[in-house]
Amino acid sequence: LALVFQSQMTVSGYSDILIGSSFSLTVDTGAVISSSMLGITPQVTGATVSFSPGTKNLNSGRTTSFTFTGGSAYGVTTVSFSLSKPLAPNFIAPPDISFMVTSTVKASTTAINNVSLVNQPVIVTVNLGSPVAVGDLLDVTVSANGVTVALNQTVLSFGTGMRQLSFQVVSSNVGNLTLSYATSQSAAPYFVVIGDTSICFRSQILLTSIPTSMYVG
């Protein structure tokens with residue numbers, strides 16, 4: 001009677017990842033590798049990500065890590081692992097794992113140092129971390145809190161392939177304004193709203209000319 005003891009491999013550290021950012025993913029073989037070498041190779045399908053290194057050859061210890069970086073496309077990424085042949089019969093590969101690749105929504109303003117004149121339009125540009133995928137739509141709703149302002153639009157509708165849209169803010173009063181942004185529910189899993197936009201409106205100072213004529217009485 002022959003008994004074969006197999007070791008279960010596990011993976012930890014996977015989570016949502018932002019486009020352009022990285023996280024570490026650790027593979028635990030379940031047993032110390034001491035006499036033979038085990039090659040572990042991730043295989044990725046779905047949303048674009050890169051990882052390093054391509055293969056880890058584990059010949060001591062029991063854990064090893066890979067670095068995953070979000071690419072240019074958002075969505076769901078599935079990672080599976082293949083093992084090199086020498087020790088494959090003794091190790092059960094971990095199940096496939098899935099994580100979300102998300103994109104950031106950032107707002108930038110053309111106002112220098114966030115200081116703008118009253119009654120002068122300020123252009124605020126909303127940039128997505130990646131273009132909207134084919135067949136998807138993304139609405140970004142803008143809300144204002146603080147000094148009274150007029151917005152030429154409060155909902156920015158991003159269609160397929162779009163990444164950047166702008167709107168105008170005009171204030172009739174001196175003071176501070178905070179702009180906040182929210183994404184539509186349909187695209188919320190793929191886009192993360194980052195930060196508010198603060199703008200300070202100041203008044204124009206006008207100097208009147210002083211007569212230089214002198215009158216002799």
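Q: What percentage of contacts between residues at least 6 apart in sequence join residues at least 24 apart in the protein chain?
A: This structure is a predicted model. Contacts in the protein chain were counted between residues at least 6 apart in sequence. Among these, the share joining residues at least 24 apart is 66%.

Q: How many strands does the protein chain have?
A: The secondary structure of the protein chain contains zero helices. Its strands number 20.

Q: Why is the protein chain described as more spread out than a compact globule?
A: For 217 residues, the globule rule gives 17 Å. The protein chain is more spread out than a compact globule because its radius of gyration is well over that value, at 28 Å. Along its principal axes, the C-alpha trace spans about 130 × 40 × 25 Å.

Q: Which strand gives the most to the largest nonpolar core?
A: The largest nonpolar core holds 24 residues, and Val 124, Leu 138 and Phe 158 are among those touching the most other members. At least two residues of this core come from each of several strands, including strand 14 (138-146), strand 17 (164-171) and strand 13 (122-128). With four residues, the largest contribution is that of strand 13.

Q: How many residues form the second, separate core?
A: Apart from the largest core, there is a second one that includes Leu 25, Phe 68, Ile 97 and Val 101. The number of residues in this second core is 21.

Q: How far apart do the centres of the positive and negative side chains lie?
A: The protein chain carries 6 positive and 6 negative side chains. The centres of these two sets are separated by 13 Å.

How values were computed: Residues numbered from 1 in each chain as written. Predicted model: local features only at pLDDT ≥ 70, side-chain atom pairs only at ≥ 80, totals over all residues. Heavy atoms only, no water. Rg over C-alpha atoms; globule rule 2.2 N^0.38 Å. Contact = heavy atoms within 4.5 Å. Lys, Arg positive; Asp, Glu negative; His and termini not counted. Charge placed at Lys NZ, Arg CZ, Asp CG, Glu CD. Core = buried A, V, L, I, M, F, W, Y, C linked by side-chain atoms within 4.5 Å. Buried < 20%, exposed > 50% of the residue type's maximum accessible area, 1.4 Å probe, protein only.
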